[in-house]
Each structure stands twice: as structure tokens, then as C-alpha cells.
Amino acid sequence: AYSGISVKGGNSMNEQLFYCEECGRTVEYIEVIKAEQVTVKDLTFENNHTYYKCANCGELYEPFNDIDKNLESDFAIYREKKNLLSPQEITKTREKYKLSQRQFAELLGISHSTLSRIENGALQTEYQNSLFVMSSSPSGFKQLVLRNLSTFKEEEKEALLDTLTVLIGLEIKEYKKDLELLVCKIDNVYEYMNNTIRSVNDIKYDIKELRETINKKTKGDGYS
């Protein structure tokens with residue numbers, strides 16, 4: 001088990017050498033994949049965890065080359081279930097505006113240490129996530145910037161506002177392109193609908209003519 005997370009367990013395998021602290025010597029270990037029930041904050045779910053198991057005493061170890069592997073995997077599932085942005089997405093948003101962690105945190109109204117922890121893998125709250133989501137759009141981020149720009153130096157303000165102007169212009173172009181594509185798709189749908197209606201009307205007309213022909217033939221043959 002590890003901090004902030006409670007674990008219960010299931011099993012599967014793969015085989016090498018390591019120094020086991022329990023045995024006090026170099027022994028073989030087995031890489032074990034365990035299906036475990038995990039609780040992260042308010043969610044409980046199942047996840048596959050990797051452990052290194054001493055083949056001699058059975059002691060389980062977190063993977064030596066990536067001790068946080070299981071924790072990060074649990075957090076990734078939690079983020080997905082809660083629709084939270086990943087640390088990589090948050091860092092990418094900050095770097096898009098050419099801001100340091102301290103500057104970005106200031107503009108979001110959160111502490112530098114909080115942002116640093118989140119970018120390094122800690123879970124954000126839903127409120128913090130809403131700030132990150134808003135910031136991912138240049139026009140949305142500009143609203144936050146204009147509220148919290150007072151502590152920035154004049155040249156920093158100008159540089160950031162210039163960057164935002166360029167990015168908002170690109171964003172509008174992107175929206176315009178998407179809108180044009182959508183309009184084109186709608187036109188295609190309307191054209192398909194009109195063609196279908198025309199085909200249905202042609203079929204109705206053909207059926208009507210066929211009925212009239214049958215009626216005439218029936219009367220001509222002396223049937224009433």
C-alpha cells in the first residue's frame with residue numbers, strides 16, 4: 001500500500017536478479033501483475049499494478065526503475081473518470097503562453113507550490129481543473145489574465161497580451177475552418193435529403209401511373 005491510496009488484491013507473472021533487503025542477499029525476483037481494487041479520493045476502481053516479488057521470501061517491491069508507476073497509473077484512471085486534464089496537458093498550456101510556473105499560478109489565482117505539485121503528478125481539485133480548462137483556450141485565458149495582471153511588470157504584460165492576440169487570431173481561424181467544414185457537411189446532408197425526397201416523389205408518381213394503367217386495363221377487359 002502507499003500514501004493516499006488503499007489497496008486489496010488478485011495475480012499473473014514474468015522472471016531476473018536483485019538485492020532483497022529482507023533476505024540480505026542477491027536473489028531472483030519475479031515481475032508480478034496484480035489486479036487490485038484501489039480507492040483514490042471518492043472513487044473505487046480496479047487497476048493492474050506491477051510489483052517485483054522476491055522469489056525466495058515472497059516480499060513485494062514497487063518497480064525499482066519507476067517507484068511511482070502504480071500510483072501514476074491509478075491517478076491516470078482517476079483523471080480519466082473525472083475528466084481532469086493530465087499534468088502534461090496543463091504544462092503544455094502554460095508553455096503555449098511562454099509563462100513560468102510562478103507567473104501562470106499567479107494569473108490563475110493559485111499558489112506556485114500547488115501548480116508545481118500538479119504539473120509533477122498531484123491531483124487537482126475540480127475547481128482548479130476548471131481554471132486549467134478555461135486557460136487552454138486563449139480567449140478564455142485572456143479573461144483570467146485581465147483580472148490578475150496587476151502584479152506583472154509593464155513589459156511582461158505587453159509580451160503576454162501580444163502572445164494572446166496572436167493565439168486568439170489563430171483560434172478564430174481554426175473555428176472558422178471548423179465552421180466552414182460543418183456548413184459544408186450540412187449542405188451535403190440537405191442535398192442528400194432533397195435527392196431522397198425527389199426519388200420518393202418519382203416512385204409515388206410511378207406507382208400512381210401504374211395504378212391508372214391497371215385501372216384502364218381492368219375496365220377495358222370488362223372488369224368492374
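Contact here means heavy atoms within 4.5 Å. In this predicted model, Thr 50 makes a handy starting point. Thr 50 sits in strand S4, which covers residues 43-54. Leaving aside residues up to four places away in sequence, Thr 50 touches Glu 31, Val 32 and Ile 33, then Glu 62 and Pro 63, and finally Lys 69 and Asn 70. With a relative accessibility of 8%, Thr 50 counts as buried, because the cut-off for that label is under 20% relative accessible area.

Next come the aromatic rings. Searching the whole structure turns up 9 aromatic pairs. One of them joins Phe 18 and Tyr 61, which meet edge-to-face, with 5.3 Å from centre to centre and 75° between the planes. Phe 18 belongs to strand S2 (residues 17-20) and Tyr 61 to strand S5 (residues 60-61), so this pair ties together parts that lie 43 residues apart in sequence. Phe 18 counts as buried, at 8% relative accessibility, and Tyr 61 counts as buried too, at 16%. Phe 18 and Tyr 61 are also members of one aromatic cluster, along with Tyr 29, Tyr 52 and Phe 64.

As for empty space, the largest pocket holds about 190 Å³. Two elements each give two or more residues to its lining, namely helix H1 (69-82) and helix H2 (87-96). Helix H1 gives the most, with 5 residues. The lining takes in Asp 68, Leu 71, Glu 72, Phe 75, Ala 76 and Arg 79, then Ser 86, Pro 87 and Gln 88, and further along the chain Glu 119, Asn 120 and Gly 121. Sorted by class, that lining is an even split: 4 nonpolar, 4 polar and 4 charged residues.

That leaves a pair of helices. Two packed helices are described by the angle between their axes and by the distance between those axes. Helix H5 (residues 126-136) and helix H6 (residues 138-147) pack at about 115°, and their axes are 5 Å apart. On the H5 side, the residues in contact are Leu 131, Met 134, Ser 135 and Ser 136. Their partners in H6 are Pro 138, Gly 140, Phe 141, Gln 143, Leu 144 and Arg 147. By class, the contact between H5 and H6 comes to 5 nonpolar, 4 polar and 1 charged residues.

Conventions:
Residues are numbered from 1 along each chain as its sequence is written. This is a predicted model: local features need pLDDT of at least 70, side-chain atom pairs count only at pLDDT 80 or more; totals for chains, interfaces and linings use all residues. Side-chain values use heavy atoms; hydrogens and water are left out. Axes are lines fitted to C-alpha atoms, for helices over the stretch in contact, and angles run from 0 to 180 degrees between N-to-C directions. Helices (H or I, at least four residues) and strands (E, at least two) are DSSP runs, numbered from the N terminus. Ala, Val, Leu, Ile, Met, Phe, Trp, Tyr, Cys and Pro count as nonpolar, Asp, Glu, Lys and Arg as charged, and the others, Gly among them, as polar. On a 1 Å grid over the protein atoms alone, a cavity is a set of points where a 1.4 Å probe fits but cannot get out, and a pocket is an open set with protein on both sides within 12 Å along at least five of seven lines; lining residues have an atom within 4 Å of a point. Grid points are joined across faces, edges and corners, and a volume is the space filled by probe spheres set on the points. Rings of Phe, Tyr and Trp (its six-membered ring) pair if their centres lie within 6.5 Å; planes under 30 degrees apart count as stacked, over 60 as edge-to-face and the rest as tilted. Buried means under 20% relative accessible area, exposed over 50%, partly exposed in between (1.4 Å probe, protein chains only).
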